[in-house]
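Reader: Please set out the terms applied to this model, and show how each is justified.

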Amino acid sequence: MTFYLAQQTINALQLGSIYALIALGYSMVYGVLVMINFAHGDLFMLGAFACLLLAVLLPVHLPFVVILLLVMIVIGLLGAFIERVAYRPLRDAPRVSAIITALGCGLVIENTTLSLSPYPQFMPELFDSRTLSFGSLTVTTLQILIIGVALGLMLGLDFLIRRTSFGMAMRAISFDARTVPLMGIPVNRMISLTFFVGAGLGGAAGMLYGLAYPQISATMGVLIGWKAFIAAVIGGIGSIRGAVLGGFILGGVEVMAVAYLPSTYRDLISYSLLLAILVFKPYGLLGQPPNQKL
Amino acid sequence: MRHFLDSVARCRWALPALIAVGFAFVVACEYFPLLNDYSKIVLITVGINIILCSSLNLVNGYMGEFSVGHAGFMALGAYASALMTIKWLPASVFELPLGVLFGGTIAAAIGFLLALLSFKTRGDYLAIITLAFLMIVKSAIENINYVGGPRGMTPPVLTNLPWTFFWVVVTLWVIRNLIYSKFGRAITAIREDEIAANAMGVRIREAKILAFVTSSFFGGVAGALYAQVNFFIDPKSFDIVKSTEILVMVYLGGIASLGGSIIGAVIFTVLLQVLQPLGTWRMVILPLILVLLMLFRPRGIMGMRELTWFLPAGELFKRPKP
Amino acid sequence: MSALLEIDEVTKHFGGLCAISNCNVRIQAGSTHGIIGPNGAGKSTLFNLITGIYKPTRGDIRFRGESISGLRPGRIALKGIGRTFQSIRLLKTRTVLDNVRIAYDSQLHYSPLEAMLRLPRLGRDEEKSIEASLALLHPFGLADQAHDLAGDLPYGSQRKLEIARALALKPDILLLDEPAAGMNTGETADLVGFLRWVKDHFQVTLVLIEHHMHLVMSLCDRITVLDFGQTIAEGTPEEIRTNPRVIDAYLGGTEEE
């Protein structure tokens with residue numbers, strides 16, 4: 001029995017770390033622009049497809065790390081591009097317009113991909129995954145890789161935020177966006193960088209997801225993206241730690257719900273849990289209520 | 001020319017006359033082959049979308065929240081009505097109105113709960129609660145076998161053009177009456193400045209309840225009409241994609257505007273039909289139009305403005321000549 | 001004689017920060033009471049406590065002898081306490097008339113059903129609301145701009161509108177948060193006369209937070225001085241003007257002779 005639990009814990013860690021990577025993108029953007037980037041889930045989906053294209057179309061067989069970096073850079077640039085073209089002009093417009101624009105961008109991305117690839121695709125294996133056994137516990141090297149890469153990226157982000165000037169600028173902007181330019185910080189560039197990093201993480205998550213669950217479809221951004229968004233909110237949107245926490249909580253709840261209950265209850269449990277958390281902690285577990293001068 | 005249009009707009013008989021003519025026309029369509037079946041379905045869809053759009057506009061536009069859960073109320077109304085017409089009611093001429101009323105009421109009851117949640121939470125966090133609500137409704141339906149679970153249900157086809165027309169008029173009339181009353185003023189005050197509204201003695205909680213309950217009631221009505229025209233409903237019909245479509249209509253046509261709701265619903269439905277040959281590319285073009293529109297007109301085509309015809313007589317103030 | 005509004009040993013903590021401590025103010029009916037003090041002394045916080053936006057950590061606030069601490073702002077407003085805000089909080093996308101009507105709405109009594117079905121009582125009440133609101137705008141000189149957007153008015157008119165709106169509630173006491181903010185000397189002088197007129201015409205007790213000393217001294221019967229969240233003095237303008245603690249607080253201490 002405990003082996004089953006341990007087995008599911010590995011699965012939960014895998015799913016949770018993927019959710020966490022996506023959730024980070026949402027939280028980073030929310031932190032600097034107080035905006036929900038509804039296109040983020042679709043960038044996640046593009047990450048999976050980008051990996052597919054790179055793996056299948058290129059005549060040269062590239063190593064895993066190179067593909068990962070390429071995917072992150074390409075999706076990152078796309079994210080920054082969307083910000084520049086669609087969100088920046090709306091910085092002074094009512095907030096809801098930017099959100100709707102994000103929704104629109106997401107729809108454009110999703111349906112373009114859907115039109116080009118109406119049927120789900122299969123992600124090829126990028127390397128030989130071996131199965132390791134520890135007693136009755138089986139773990140594949142793929143799972144270890146996914147969890148390892150995800151954790152590595154999260155640690156890298158943590159370093160970026162706490163030890164670099166970019167990170168400091170990002171945190172400053174999320175505190176008080178108006179005074180930051182007065183201190184000589186190029187706010188626009190920082191925001192673009194934030195989108196680049198956030199989208200890059202989302203793209204990486206897409207690639208990892210495609211490797212873990214090899215069937216990818218154009219609509220997976222909607223399903224997974226919204227779920228990761230919920231994870232970000234459970235943790236407290238805008239909080240980096242919260243995103244990670246929320247991602248693992250949601251991953252854990254989903255995997256455990258499927259493991260021990262009829263699978264149709266999975267979504268019901270996850271969302272009811274979310275609702276329950278929000279009723280008691282409206283700003284998420286690690287979130288802060290917005291400050292308001294009265 | 002402008003003077004002429006202005007006096008037409010101020011003529012209090014124009015709109016009721018138009019409605020009467022429209023109603024006569026749709027009734028005639030039932031007995032004479034004036035429209036083919038395809039056109040009728042399109043018109044019914046337009047009508048349902050107008051109801052969805054204007055009811056969501058009440059919460060998202062006038063009250064300034066961001067509810068993404070409207071498809072959930074649609075689902076509640078659809079399934080409630082389907083239960084009535086498939087399992088509980090014998091076939092009769094009362095089936096459709098009863099089904100619709102029941103659907104609306106069930107949706108309104110849940111809307112009331114959502115209103116209670118909105119007392120403590122606002123803005124983005126309320127948006128997420130509405131999202132969770134939508135997902136819960138959808139997965140709850142999937143798990144209840146009595147309503148067919150994921151396999152769906154097949155309600156009898158009962159909706160017709162006259163009924164749709166009737167419900168469109170009722171929806172717009174009721175919402176318009178609400179807006180141009182002290183409750184409507186309270187609702188828009190919440191959007192703009194809840195603290196100031198409180199200081200003016202505005203009954204915030206009452207207004208929020210009214211907005212959510214009315215919005216969800218008509219969302220349920222639309223769902224019921226949809227169920228009875230579509231002859232097949234399943235949980236997948238009422239997911240986030242559907243909610244997103246309704247959102248697109250609202251922000252396209254214009255927030256806080258009934259005329260905008262009509263325009264948004266019409267453009268969306270018609271464009272989707274007209275662009276049918278393009279397949280899934282339709283949903284690339286439409287959002288692109290929306291994004292472009294947001295860049296130039298962030299509040300939508302008729303954002304926060306209203307057709308003079310919709311204003312009640314008491315609000316028609318003489319505008320000073322420029 | 002018991003005061004109209006009593007702030008009794010009120011303390012307010014925000015987490016670790018003590019914004020107000022053991023504050024005592026008594027506001028007599030029919031007076032004009034000033035609340036002054038250096039920035040950050042807790043004056044706006046006091047208003048927010050009175051109007052129910054915050055709840056006192058300790059102490060009590062009584063209006064006409066009845067405790068109002070912890071009541072919701074809407075209920076407190078309806079009991080007869082009106083206020084304006086330091087940063088003008090008008091509904092800028094609505095017309096001048098509508099801004100006043102919203103405050104007047106608490107005196108209309110039709111139900112939601114009557115509104116939705118447009119039953120006769122709605123029409124009668126709405127007409128009453130428009131008439132009364134226009135009548136209120138008239139003495140403020142804003143009746144001609146009734147159908148302009150509130151956000152389009154010049155700053156001085158916006159301030160007047162905020163006051164008019166608060167008066168639509170028919171309050172017994174009007175809290176004015178820095179009514180002279182952003183005004184020059186000429187405008188401030190006009191404001192003195194204007195506020196005197198408001199007080200007489202509408203029979204309200206005025207409580208002002210202000211920084212313009214001239215305004216406070218010429219207008220107020222009594223003044224309370226706050227510093228670091230505490231009452232450091234209360235009395236007539238003359239008494240306050242010569243109070244050494246007050247001078248200390250504003251000027252940061254006198255030099256040793």
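Author: The exchange below takes up chain C, then a helix pair in chain A, then chain B. This is a predicted model, in which local features need pLDDT of at least 70 and side-chain atom pairs count only at pLDDT 80 or more, while totals for chains, interfaces and linings use all residues. Residues are numbered from 1 along each chain as its sequence is written, and chains are lettered from A and ligands numbered from 1 in the order in which they are written.

Reader: What makes β2, β1, β4 and β5 of chain C a sheet, and in which order do they stand?

Author: Strands are DSSP runs of E with at least two residues, helices are runs of H or I with at least four, and both are numbered from the N terminus. Two strands pair if DSSP finds at least two bridges between them. β4 (residues 58–63) and β5 of chain C have two bridges, in the antiparallel sense, and one of the bridge partners is C:Glu66 in β5(C), set against C:Phe63. The four strands form an open sheet in the order β2-β1-β4-β5 with antiparallel pairing.

Reader: Why are β2(C) and β5(C) said to stand at the edges?

Author: β2 (17–27) and β5 (66–67) of chain C each have a single partner strand, so one side of each has no neighbour in the sheet.

Reader: Which helix lies across β1, β2 and β4 of chain C?

Author: Helix α1 (residues 43–50) of chain C does, running at about 70° to β2(C). Axes here are lines fitted to C-alpha atoms, for helices over the stretch in contact, and angles run from 0 to 180 degrees between N-to-C directions. In total, chain C has ten helices and ten strands.

Reader: How do you know that chain C agrees with a compact globule?

Author: The radius of gyration, taken over C-alpha atoms, is set against a rule of 2.2 Å times the number of residues to the power 0.38. For 257 residues a compact globule would have a value near 18 Å; chain C has 20 Å, and therefore agrees. Its C-alpha atoms fill a box of roughly 75 × 40 × 35 Å along the principal axes.

Reader: Why is C:Leu122 called buried?

Author: A residue is buried if 20 or more other C-beta atoms, placed from the backbone, lie within 10 Å of its own, exposed if 12 or fewer, and partly exposed in between. C:Leu122 has 22 such atoms within 10 Å, and is therefore buried. C:Leu122 belongs to helix α5 (residues 120–137) of chain C. Of the 257 residues of chain C, 44% count as buried.

Reader: What makes the packing of α2(A) on α8(A) oblique?

Author: Angles under 35 degrees count as roughly parallel, over 145 as roughly antiparallel, 65 to 115 as roughly perpendicular and the rest as oblique. Helix α2 (residues 40–57) and helix α8 (residues 220–235) of chain A pack at about 125°, with axes 7 Å apart. The pair is therefore oblique. Residues are in contact if their C-beta atoms, placed from the backbone, lie within 7 Å; those making this contact include A:Phe44 of α2(A) and A:Trp226 of α8(A).

Reader: Why does B:Arg297 count as partly exposed?

Author: B:Arg297 has 16 C-beta neighbours inside 10 Å, and therefore falls in the partly exposed class. B:Arg297 is placed in the segment after α13 of chain B. Its C-alpha atom is separated by 9.1 Å from that of B:Gly254, 43 residues apart along the chain.

Reader: How many residues do chains B and A bring to their contact?

Author: Chain B brings 35 residues and chain A 38. On the side of chain B that touches chain A, α6 (123–143), α11 (240–253) and α13 (282–296) each supply at least two residues, and α6(B) gives the most, with twelve.

Notes
Contact = placed C-beta atoms within 7 Å.
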